[in-house]
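Reader: Hey, can we go through this one together? I'm new to reading structures, so plain words please.
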Amino acid sequence: MNSATFNPKPTSFLRRMHIDGVLLIGLLTLMAVGLVTIYSAGGQDADLIQRQVIRLGLALVVMVVLAQIPPMMYRGMAIYFYIIGLLMLVGVLLFGVMGKGAQRWLDLGFMRFQPSEIMKLAVPMMVAWYISKFTLPPRTQHIIIGFVMVAIPTVLIAKQPDLGTSLLIASSGIFALFLAGMTWRLISIVGVLASAFAPIMWFFLMKDYQKQRVLTFLNPESDPLGSGYHIIQSKIAIGSGGVDGKGWLQGTQSQLEFLPERHTDFIFAVFSEEFGLLGVLGLLGIYGFIIMRGMWIAARAQDAFSKLLAGAITLTFFVYVFVNIGMVSGLLPVVGVPLPLVSYGGTSMVTLLAGFGILMAISTQARLMSR
Amino acid sequence: MPIKRQTIRDHTAEANLFARRAVIALVIVAVLMGVVLSNLYNLQVNQFEDYQTRSNGNRIKLLPVAPNRGLILDRNGVILAENIPVFSLNVIPEDVEDIDAMIAGVRQYISISDEQVEDFKSNLKSQRRFKPVALRTRLSQDEVARFSVHQHRFSGVTINARLARHYPFGSALTHVVGYVAKINRNDLNKLEASGQAANYDATHDIGKLGIERFYEERLHGTVGYQQVEVNNQGRILRTLDFQPPIPGEDLVLNIDIELQLEIQRLMAENRGAVVVTDPRNGAVLAMYSNPSYDPNLFVHGISSRNYNALLNSTERPLINRVTQGQYPPASTIKPHLALVGLEQSVITPETIMQDRGRYQIENVSHTWRDWKRGGHGDVDVIKAVEVSCDTFFYDLAFNLGIDAISSAMMEFGFGDYTGIDIHEESDANMPTRGWKRAQMNEPWYIGDTIPVGIGQGFWTATPIQINSSINMLINRGEKVLPQILKGVQTTSGVVDEGVKTARPIDVNNAKNWDMILDSMYGTVNREHGTARLAYANTPYIAAGKTGTAQLFTVAQDEEYVEEEVALHLRDNAMYVGYAPYNEPEISVALVLENAGGGSSNAAPLSRDIMDFYFRHHRFDKDGNLDNSTAIGSR
């Protein structure tokens, strides 16, 4: 294409800014849905919306900044990222700040910082970098080393304890290994090992409150006023929404405060109550659209590192959606995973959009190279 | 470690491998999305109704609203039991910034004891912050007024009104109207057993005595409901629907409050019972038992000190003497016995007995004495009633035998409940052979029969039984049962309950009724009649019978000297009577405990009652006040 054309396509600005317009539309739509729902769930609190808009703005800036960095630089920085992240995780365990019963924060003096968020990107980067050094499909010993790379931060984070994040980090690394072409035989062995590991987790690693969550998940009605309350109220909210919902701001479960964690982890229940199954279909459609776009970017990426990283980031995004909706609707035990880009809250939002920034870098890079 | 297998990469193959894996991943994503969606479909479509119900159950609460209790009125529309607002000072904790400062401020206008403050503070802890907590209850009108002026200075402090029962005539009607008091566990159990518990969800008090108790169901009404939306804290956000309660029925009693108050005044010096009925329909015009007590004490919870005083009083104010007092009927039942004697041909109108003041039977050493030393001389049945000759009736009882007496007197309602519409009633005792065997494991002796002839011995009766039996005499065997309730007040007037009747007493010879009624006429109007002095110069013609019940058995060789007998063993004075003789409108039965002779003590009081009635308060057959016929005004 002639860069001196007098009639530039409307996308040319976005392209110069390394922004994937299609992906951006999906993300912005999702954010809009999020704001609308938070407004209802938060009791029509304008301040809440303002804070979320500021956060979204900051996260979008981070996304745009990260989109400018060529993928090759990410590949070069992966190992440093990873090591610094690991050191900080150890630091959290040693000097971390307690908050809400867990030790997740590192106090840097001027700000509090959650190193596990870095690992959400550092781990897939590291695994993608390591595996892509060799020809694909990877050999067994590389896979094993890849697993170790995943396991160390996963265990460190699980010990904080932060089950949700460690789950997300583990899956991001494993997705990279899977996409790299890890053999099915190995996949089955890992599956068997994982199921063997479950009882060990239960008896030696899980804290009482985590066990309680699992028990509650298995039978929420056993303790309707205690730990089962959240799930029961959430299911009532979703179920009573029906096909077309009670209408925006009309959800009695959320407006009358029967629903816990309305604007954060349980926002999906508010959305389903007010917009019904039709709204849910729309929302899942947007998520599906973003995931398809992410996988499309991954497939079109020029090198193995970019492909694996883009794929892992995209699939991890899906894990957010699946785990959150699964827990809110009673399919999965309650683990603290927000509904991505819809739930109110900061840290994970920045990380998510940082991930999409990398995705955009890969996307636009691919196009530049293919030209 | 150097990697040796670093061959030339086949980028196409790697891209294809990745593409295959990406597709597989997308398939898995799609499958998991499907799982999520099918679960949501299940929740939102298949189980929609279930969850909708539970959602509504969460937010919609039904609050019961107590119905207003029906009023109780006398036959002329005077209110005997009303609902008045009682005020309490309530505090909504979350609206008060500084509780202690608020209490100090409120104390300037309303007295609050330290104990009440303590109670209030302990209640605060156990209540939700937005639910009102009472700081003071039962404020006086003055306190309400004083606080209301300054209320704006106390946010979160409000005066709340609730309707509570009030009995304006106090002790005058306690045994008739009764009272309500707080529903207790016992009441709750009964309500639950009868399936009425839900109807009382918002109700504070329940009828405990008298009319309030007997007609509880009709007075109470039906609970209403307010359908409200609440949040997860139970705070009411708005009212969705209101189903108003149905108030209880306003009951009109046969009682004439002015007659009742007059009787209370007349009875001030006596322990005893008075009942006035209308023999035409059984209407209870007045019913008073002295001593009485203030029913209002019970409405707000009587103190244990006050209650124990009532409970332990030797005067026994808690007993309704009209329906629960078991007295020997004494001579008041002589007309009945005379009728039985005539009916069974044990005596005839011509039978004459010579009374020497003593009665003896063969092979029994005991001597029964007449109340008059030396006796009444020659007496026939009419004179026997008029002068209340004991000997005549000893002999009559002997000849009739206990079985005939008992079964005939049971026809007159003795030994059984009269059917009056309060629950506080005793059936007293009409003795039989079987009764004595069961109670004392002894056979019936002939000596037991003789005193029954003068209404003594094992025979006891309540004043309402005696009055009811006199009404049967007046009505020549027809039975109209005593009723306190006249009807229901509606917007279009009083709807009468109607007269309650029972199977009448059959006689072989209707002329016997005339003889008996004539003997009661003679008691009041002929020369030797025992009530002649008491009823001298009445502007109406009355009839009746005196009675003097012995509570103390004088030894065979002693005389009864009133001054020498302990007060509580002195004779009960009794009287039964009715007027006007030809077309009776009222009948009176009264017992004055330990007051002495019926002729000298009970009959004059009965006359006062009748005078009052005929002067001020005559009622026609339908129970309407008809003062145009008033007679005897001074």
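Author: Sure, one term to start with: helices (H or I, at least four residues) and strands (E, at least two) are DSSP runs, numbered from the N terminus. This is a predicted model, where local features need pLDDT of at least 70, side-chain atom pairs count only at pLDDT 80 or more, and totals for chains, interfaces and linings use all residues. Residues are numbered from 1 along each chain as its sequence is written, while chains are lettered from A and ligands numbered from 1 in the order in which they are written.

Reader: Ok, so how many helices and strands does chain A have?
Author: Chain A has 14 helices and three strands.

Reader: And what percentage of chain A is buried?
Author: Of the 371 residues in chain A, 51% are buried. A residue counts as buried if 20 or more other C-beta atoms lie within 10 Å of its own, exposed if 12 or fewer, and partly exposed in between, with C-beta atoms placed from the backbone.

Reader: How many residues does each chain put into the contact?
Author: Chain A gives 40 residues and chain B gives 33. Two residues are in contact if their C-beta atoms, placed from the backbone, lie within 7 Å.

Reader: Which helix supplies the largest share on the chain A side?
Author: H12(A) does, with 10 residues. By class, the side of chain A that touches chain B has 23 nonpolar, 14 polar and three charged residues. Here Ala, Val, Leu, Ile, Met, Phe, Trp, Tyr, Cys and Pro count as nonpolar, Asp, Glu, Lys and Arg as charged, and the others, Gly among them, as polar.

Reader: Let's zoom in on A:Gly276. Where is it found?
Author: A:Gly276 is in helix H12 of chain A. With 23 other C-beta atoms within 10 Å, A:Gly276 is buried.

Reader: What is A:Gly276 in contact with?
Author: Leaving aside neighbours within four places in sequence, its contacts include A:Gly241, A:Gly245 and B:Gln44. The C-alpha atoms of A:Gly276 and A:Gly245 are 3.6 Å apart, although 31 residues separate the two in sequence.

Reader: B:Gln44 sits in H1(B), right? At what angle do H10(A) and H1(B) pack?
Author: H10(A) and H1(B), residues 11-46 of chain B, pack at about 70 degrees with their axes 6 Å apart. Axes are lines fitted to C-alpha atoms, for helices over the stretch in contact, and angles run from 0 to 180 degrees between N-to-C directions. The two helices are therefore roughly perpendicular; angles under 35 degrees count as roughly parallel, over 145 as roughly antiparallel, 65 to 115 as roughly perpendicular and the rest as oblique.

Reader: Which residues make that contact?
Author: A:Lys235, A:Ile238, A:Gly239 and A:Gly241 come from H10(A), and B:Leu40, B:Leu43 and B:Gln44 come from H1(B).

Reader: Now chain B. How do H14(B) and H16(B) cross?
Author: Their axes come within 10 Å and cross at roughly 45 degrees. H14(B) and H16(B) are therefore oblique to each other.

Reader: Why is H22(B) called largely enclosed?
Author: Because 14 of the 19 residues of H22(B) are buried, the rest of the structure largely encloses this helix.

Reader: How many buried residues does H18(B) have?
Author: Zero among its eight residues, so to speak hardly covered. Just after H18(B), B:Asn441 takes a positive phi of about 55 degrees.

Reader: Last one: is B:Gln127 in a helix or a loop?
Author: B:Gln127 lies in the loop between helix H4 and strand E4 of chain B. B:Gln127 is partly exposed, with 13 other C-beta atoms within 10 Å.
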